[in-house]
Structure formats: C-alpha cells, structure tokens
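Me: I should like to understand how statements about a protein model are justified. May we go through the reasoning step by step?

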Amino acid sequence: MTMIFTYTAECFICSEPCEQDDIASITQFDTSCNLDTRQIGFDVIPNSITRCQNCGYCATQISQGYDITKETIRSEKYLLQLINNSEKMSWFASYQTNSFLCSAIIQEEAGNYSDAGWSALSAAWICDGEGDLWDRRSETKSEGSISCRKRAMELFLLARAKGDSFSQEIAGEEAILADLYRICGQFEKVKPVCDAGMAKDPIELVKHVLTYQIILASRKDTDCHTIDQAIEHAELTRRNIESKISYRFLTFVKFLYLRLWGKFELGTKGPGGGIIIKVNASGSRGLEVQPDDCKMLLSWPDARKTCKNYGRGWRLPTKDELNLLHENISIVDGYTNNAYWSSSAINKSHAWGQYIKDGFQYTNIKKDRLRARAVRSF
Ligand SMILES: [Zn+2]
C-alpha cells in the first residue's frame, strides 16, 4: 500500500519553508505495474517532486542537495528548463514535468546519472497523462513523453557506462531500456538488449517482460503496457505450444498407424492435410490434392514456387496427375474454367497444361498465366 503525508521542510538552497510530500516506498516489478515499473491506478508521481517557490530548487527531498547544486540552479540550462512551460499540456502537468527535468539536471551535474534518469522518466510519465493523470491504459504518446524518455535513455546509458546501477532487479536495467527504446520507436535496439537481459538468467517475471518486449517491438507497438499483460502473454504462449505439441504428436501417431497398416481411403484427409484422390491396393500410399486452387493466375515458374509453399512434399502435379484431377472431379472439385499447369515441361519455353473441367491437354508458353492446384504424394 502507498501512503502520502505532507510536512514542512527547509529548502536546501534558500532555507525557505516548503511543503513536501512523503511517500511510502514503491515496489519494483510488481505485477500491477507498467513495463517500466510505473504503478497504475493510485498515482503518486506528481507528489514525489517539490519545487521551492522562493528559489526554484526542484528535488524529491527539498532539504537535501549536492555541493554543486547551488551553482547548477543558477545555470542557464536550469533556468530555461524551469520556465519551459508547454502549451500542449495542462498547467499542472507542464509544471510537474519541468520540475522533474530540473531535478534531472541537478542530479546529472552532480554525477548521479541513475537518479537523473528516474527523474526524466517521471517527467515522461507526467507527459503520458497530459492532464488525465489517472488513466494509464488509454493514453497516446505525446511529443513531451517521447523527448523525456529519450532524455531518460541518455541518462540511464550514462549511468551504465559509469557502472552506476539504476535497477536492483537482475536484468531490470535491460527491461527498462527495452521499454524506452520501444516507446521511442527504436525497435531494432529492443531485441539485443532483451537478449542481454535473458543471458543474466533473471527471475521468471522479468523473463516474461523481456520476451513480451521483443514481441511488442516486432509489432512496432509504441504503447504503454503492463506487467500483467506480459504474464498473460507468457501464459497464452505456453498453452499454445502445449496444444500444438499434443496435436502434432497425435497426428504423427495416426499417420504412422495408417502408413503401417494401410487404411487411407479415397476422399478422406491425407497426411499433408489435402484430400486423397488416389490410394494403392493396401491403402498405405497415394496422392492427395489441395481443396482449393492457388489464389492467382500464375506463370509456370511461379506456379511451381507457390505449390511448394504449401509445405513439405507439396508440388505442381505431373501431366498424368493433372489428368487424374480431371478424372476425380467427383471427389475434389472447385476448379475454374481456366487451364491448369502441370510440372511436365516439353522444352525450355513450353510445358503441359490442361483444362481440368473438360480434360483437354495442350502445351503452353511458360510465361502464360494459368491456374495451379498443388498435389502431394504420400
Ligand atoms: Zn529555495
């Protein structure tokens, strides 16, 4: 549970009294968090920064600071950030965003890149809301939230270079960087950083998060997602794999049985998923055909390729097999009135084709576009 209580603290810079909120600690990688550890629902982020009304000092603990801070808050960089209010945001969101970005400057100047990164990320979270600070799921990314995330990314990478850790969780840093890369649209960086995180063998939950980030990046998804969604995704994948394995195993056993004892029958499903139009006397071998034509009219080379794409063993029928399709129209139909390609070539430029409907066979220029129907021997 999170609790907030307000008290008066003395400003580190000017000693004026400031109202400061104190918040009970936030758990990292809780299941109800966003993928970057942000808590959903009860939002404490805006309360976690204080700005001194007298001197403009921004900090999470207003009574504390670094030796260099007195210089930093007089710098041009700091003062520009302090007054940089965006018209696109509500006054409140803009004020809080700038306070966090000011705090990031102070921490960066003091060499505390990890805290600076978290301040910039907090600024991004404020931008995400843009006045609607309570609904995390329906938000769209604003310019502000992207630029704050880029700043957080830059600071976290500086922290890493310095060996300054910004997450206590194993591979937590990789998970946070992955989320920043993805939301900023730098999709190509997501997989490498997730792989590096996986190599550290983190806890299950972090593994789910890393895997989910890779999936989201492959879909070019730049939305905020929750850790709950990552767990749900892992659960679905596990169930899918299990059902696929058991289905494949059963199919394999069934066809092994049929192959050994010969029970394949005309007009039933073949081992490649087609319909059987020919079987040998013992019923152990034969020919199956796809229930439908290849989608388009195709040249001879394209027809061969398209049939192969159905999977293992699927191909264009030979001239004789093509005639078999004509003779078995009562078992498998759906043919058009166009001519169909056979795999039987006559020479470099011509191959056999057939009107399956009426059975007429003739030779065709390979460049011509005819119909195709794949077959498979078993
Ligand atoms: Zn002050």
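**Reasoning from the model**

Reply: Let us begin with the contacts in this predicted model. Of the contacts in the chain with a separation of 6 or more, 60% join residues 24 or more positions apart. The chain holds eleven helices and ten strands.

Me: What makes a residue count among the 37% of the 378 residues that are buried?

Reply: The criterion is a count of neighbours: a residue is buried if 20 or more other C-beta atoms lie within 10 Å of its own. Buried residues make up 37% of the 378 residues in the chain, so that share reaches this count.

Me: How do you know which element of the chain has the lowest confidence and which the highest?

Reply: One compares the mean pLDDT, the predictor's confidence on a scale from 0 to 100. Helix α9 (residues 227-261) has the lowest mean, 74, and helix α7 (residues 190-198) the highest, 97. Over residues 131-139 the pLDDT is below 50, although this stretch has twelve contacts in the model beyond near neighbours in sequence. Where pLDDT is low, the predicted coordinates should not be read in detail. The chain as a whole averages 85, and 85% of the residues score at least 70.

Me: Why are β7 and β9 called edge strands?

Reply: The open sheet has three strands in the order β7-β8-β9, with antiparallel pairing. Strands β7 (340-345) and β9 (361-365) each pair on one side only, and they are therefore the edge strands, a pair being counted from at least two bridges. Neighbouring strands of this sheet are turned by 40 degrees against each other on average, direction ignored.

Me: How do you know that β8 and β9 pair?

Reply: At least two bridges are required. Strand β8 (residues 350-354) and β9 share five bridges in the antiparallel sense, so the requirement is met. In one of these strands, β9, Ile365 is the bridge partner of His350.

Me: What makes the 56 residues a nonpolar core, and which of them touch the most other members?

Reply: Members must be buried, of a nonpolar type, and joined through C-beta atoms within 7 Å. The largest such set has 56 residues, in which Ala120 and Ala152 touch the most other members. Helix α4 (113-129) gives the most to this core, with ten residues. Beyond four places away in sequence, Ala152 touches Gly117, Ala120, Leu121, Ala124 and Leu180. Another core, of 26 residues, lies apart from the largest one and includes Leu287, Leu325, Leu370 and Val375.

Conventions
Residues are numbered from 1 along each chain as its sequence is written. This is a predicted model: local features need pLDDT of at least 70, side-chain atom pairs count only at pLDDT 80 or more; totals for chains, interfaces and linings use all residues. Helices (H or I, at least four residues) and strands (E, at least two) are DSSP runs, numbered from the N terminus. A residue is buried if 20 or more other C-beta atoms lie within 10 Å of its own, exposed if 12 or fewer, and partly exposed in between; C-beta atoms are placed from the backbone. Two residues are in contact if their C-beta atoms, placed from the backbone, lie within 7 Å. Axes are lines fitted to C-alpha atoms, for helices over the stretch in contact, and angles run from 0 to 180 degrees between N-to-C directions.
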